[in-house]
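The following exercises concern a predicted model with two protein chains. Each task is followed by a solution that proceeds step by step.

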Amino acid sequence: MRTLLLAAAAGLSFAAVTPALAHNHNAINSVVRLNNFDYGGSSQGDRLSWDLDALIGTYDHRLLFRTEGEQIRGQTEKAEIQLFYNRPISEFWDVNVGWRRDFFRTNRNYGAVGFRGIAPYFVEVEATAYVSEEGVLSGRLELSADLLVARSIFNDNGPGLYLKPAIELNASAGSDRELEIRRGLTDMDLSLQLRYEFTPQIAPYVQVGWERQLGETANVARASGERISNSYAVIGIRSLF
Amino acid sequence: MTSPLSRRDSLKLVAAAGMAGVVTVYPGRQSFANAHRVQDLAVEATRITVDGTQTNALTIGGTVPGPLLHWREGEEVVIRVTNRLSEPTSIHWHGLLLAGVMDGAPGFNGYEAIQPGQTYTYRFQIRQAGTYWYHSHSAAQEQAGMYGAIVIEPARPEPVRVTRDYVVLLSDHSPEAPNAIFRNLRNREGYYNRGQRTFVDFMRDVRRNGWGATMADRKAWGEMRMDPTDLADVTGYSFLVNGRGPQDNKTFLFTPGERVRLRFINASAMSIYDVAIPDLRMTVISADGLPVMPVPVDEFRIGVGETYDVVVNPTEARAFTIMSEPLDRSGYARATLAPREGMEAPIPPRRPRTVLTMADMGMAHGGMAMGGSGMAGMDHSGMAMGGVGTGPAAANPHAGHAMPGAPAPAAADPHAGHAMPSTSAMADPNNPLGWEQAGTPAGKRALRYADLRSTRARPNAPQPSRDIILRLTGQMGRYSWSLNDRRFGMEEGIRVREGDRVRIRFMNETMMAHPMHLHGMFMEMENGAGDRLPYKHVVLVRPGAEASVLLTADEVGDWPLHCHLLYHMEAGMMTRFIVEPARVASAG
């Protein structure tokens, strides 16, 4: 990943060519965000999950790396990386164009295009369409909101207590037998996170959630004796570097 | 004159050297023979102690602030600045009228940054008197401590007679490195904002204002994806007076009955202050260095980069607290006026922090016309003191936060000065609403921009030949700040011809106040003062409002015009104000 980021930085440096002025108004900036890293119990056994992204670039051209995954009882249920060229298209919206690769069930590559941003009422939105190397079109929609419940009772300027409801929905326009996916809605994840943010760098949380396969995908899984839903309760940490 | 080089020649040499990228010029001692003052300043990294805590700092002359530069109008000064940092540096003379290459803004006017180990020799004639200041104009340096005061004695004695004369230089100092702060601002919206409204606040507002009003308010802000608590982008500051923290308690001495002149300078990176001296009336006698008709006030708001000179006349043998609270009320700068060292006056009750309103978004319904109607604090807050605000920049309530840049013809009309209600009289002091709300105690008077009237009447000042529209724009979420939606480096600059008289209309489309600073020339602020428009080098444009200035472009050059909130400038809120020589223009 480090090499990947370095390569990305090198690739992007063309965008940072600016006259020798005093102000680095277009200087390269980078951030790594650990959105989720948690462990706990679930109805199918102990569960570990992660969601990390890294951004590097100028105001106008950025590279976005993201990895997400989940293990249940040590078994990888989901693991993927995505690499996007990211560009702002309006005050609140960015467009992403890039690549995704899955590392579970089978290794699968996708082309990806999507957008992300902030909808009215501060709803964070990420919507991406994928075309797999098998030619199957699929889509993912993620919505979340970060609600500030209270500041520390000891200090008006103290840590914040946040409540974050989130939903993720996946759908496919075709079937992919190796991935055990059928046409239609395939799965969803509903969660509620309560986070105590000492600083943006140190923000532990507890989270409960419910993930479930949907539609024909769920029917096939059920027929083969798999459980199609899983509820979980985890503790974890969010951070920012 | 024994000098082998005339002053003009050596100036040219320095200019040429600057252009050529050669930053060290030693014309030799001889050529300084006609300079009245020669000063050496070294720029270096060091540690400073504020309220007993050590932090890193960059200094000019070894201290924060740098040494007070005391000059006299008409004299010629030579300042040799040596860079002992490991990065390029610069010093800009804020508010001074001088040749462009001496202005000290790298990348402008042929001036180039001073490289490590090099010395740059500034040399210029002092063409004005008053209170000014100097600071680095290289990114991430000024806020680390590179600033100091300049006091210029007038060539002829002033009508103002005082027995004591002090500089009160306000600044903000963070233990965090400037680059780290800038990175945090870019990486997370509201990184430093700890005043955001919570669910607990929501329930309190429901109790106070009812369910309907509270929901409508949250809905309006939610639709715009804006945060009404965004008053200061950065917190964690210590607020300093002449480099001293509130505990250090910088003390200015007086003998009861004496008239004392206090020269306030706001040298902060990001902090706009409300300044008051409880129990002591101040008379404002100059703004941004130049004299104004005296205005008695109890308090004033001072934007970053502005200066105000006030005279106080304490008659009792007691201490007075000079209290300066930043807009986000995250702390205070404090100093004491006292007959003896060691005396203290009480710290006045801390003022509550205000919450922005739709008026601050330029969305007050009907704008100025509604000055006297209902909706209490909300409409009034859009138009009272503080910014030059000639009312909301866009009166169209449907305009959203992206306001039309269409030149509204009435906007430059300087109604602002007339018969403004005092905000404090009508608002709840514990629950302030609107950017203008300073929490002024009942019966006290705050300075308004409309109060500023130059001592110099100009009844025959020509009309401007054109209006230049400068929309103040930004995207808070990305921490991208710009002018006319273009960040510095991607814009084309503003071109005028030498001698042109123009109006600049600053239309603030953001929800933050921006202290807009022009190098090289004074702006005449259109505040309704008729033929006595005050001269300003910084105009604080309040959120969602428009302010306009007139100026005669009589200084040829390529001048920075920027927001003086340093992280806004760094993010791109800067452009070039290019004054082309008249003869070139006529030849073309």
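**Exercise 1. Determine where in chain A pLDDT stays under 50, and state how the coordinates there should be read.**

Step 1. The stretch is residues 1–22 of chain A, where pLDDT (the predictor's confidence in each residue, from 0 to 100) stays under 50. For this stretch the model has 35 contacts beyond four places in sequence, two residues being in contact if their C-beta atoms, placed from the backbone, lie within 7 Å.

Step 2. Where pLDDT is low, the predicted coordinates should not be read in detail.

Step 3. Over chain A the average pLDDT is 88, and 87% of the residues score at least 70. Confidence is lowest in helix 1 (residues 2–12) of chain A, with a mean of 43, and highest in strand 8 (residues 137–145) of chain A, with 97. Helices (H or I, at least four residues) and strands (E, at least two) are DSSP runs, numbered from the N terminus.

Step 4. Two conventions apply throughout. Residues are numbered from 1 along each chain as its sequence is written, while chains are lettered from A and ligands numbered from 1 in the order in which they are written. Because the model is predicted, local features need pLDDT of at least 70 and side-chain atom pairs count only at pLDDT 80 or more, whereas totals for chains, interfaces and linings use all residues.

**Exercise 2. Describe the side of chain A that touches chain B.**

Step 1. The contact involves 26 residues of chain A and 33 residues of chain B.

Step 2. Strand 1 (29–42) and strand 9 (147–151) of chain A each supply at least two residues of this side. The largest share, 5 residues, comes from strand 9 of chain A.

Step 3. Sorted by class, this side of chain A has 17 nonpolar, 7 polar and 2 charged residues. Here Ala, Val, Leu, Ile, Met, Phe, Trp, Tyr, Cys and Pro count as nonpolar, Asp, Glu, Lys and Arg as charged, and the others, Gly among them, as polar.

**Exercise 3. Which residues have the most contacts inside the largest nonpolar core?**

Step 1. Chain B has 8 helices and 30 strands, and 52% of its 588 residues count as buried. A residue is buried if 20 or more other C-beta atoms lie within 10 Å of its own, exposed if 12 or fewer, and partly exposed in between, with C-beta atoms placed from the backbone.

Step 2. Among contacts in chain B with a separation of 6 or more, 77% join residues 24 or more positions apart.

Step 3. The largest nonpolar core (a set of buried Ala, Val, Leu, Ile, Met, Phe, Trp, Tyr and Cys residues joined through C-beta atoms within 7 Å) has 149 residues, and Val168(B), Val284(B) and Val539(B) have the most contacts inside it. Beyond its neighbours within four places in sequence, Val168(B) is in contact with residues including Val241(B), Leu262(B), Phe264(B) and Ile322(B).

Step 4. In soluble globular proteins, nonpolar side chains tend to be buried together.

**Exercise 4. In what order do the 6 strands of the open sheet in chain B lie?**

Step 1. The order is 10-9-12-17-14-15, with mixed pairing; two strands pair if DSSP finds at least two bridges between them.

Step 2. Strand 10 (238–241) and strand 15 (290–297) of chain B are the edge strands, each pairing on one side only.

Step 3. Strand 12 (residues 260–266) and strand 17 (residues 307–312) of chain B pair in the antiparallel sense over 6 bridges. Ile265(B) stands opposite Thr307(B), which belongs to strand 17 of chain B.

**Exercise 5. Is Ser268(B) buried or exposed? Compile its surroundings, and treat Arg225(B) and Pro65(B) likewise.**

Step 1. Ser268(B) lies in the loop between strand 12 and strand 13 (273–276) of chain B. This residue counts as buried because it has 32 C-beta neighbours inside 10 Å.

Step 2. Leaving aside neighbours within four places in sequence, Ser268(B) is in contact with Leu170(B), Ser171(B), Asp172(B) and Val304(B).

Step 3. Arg225(B) lies in the loop between helix 4 (211–224) and strand 10 of chain B. Its phi is near 55°, a positive value in a residue other than glycine. Arg225(B) counts as partly exposed because it has 19 C-beta neighbours inside 10 Å.

Step 4. Pro65(B) is in the loop between strand 2 (53–60) and strand 3 (69–72) of chain B. A cis peptide bond joins Val64(B) to Pro65(B), with omega about -5°.
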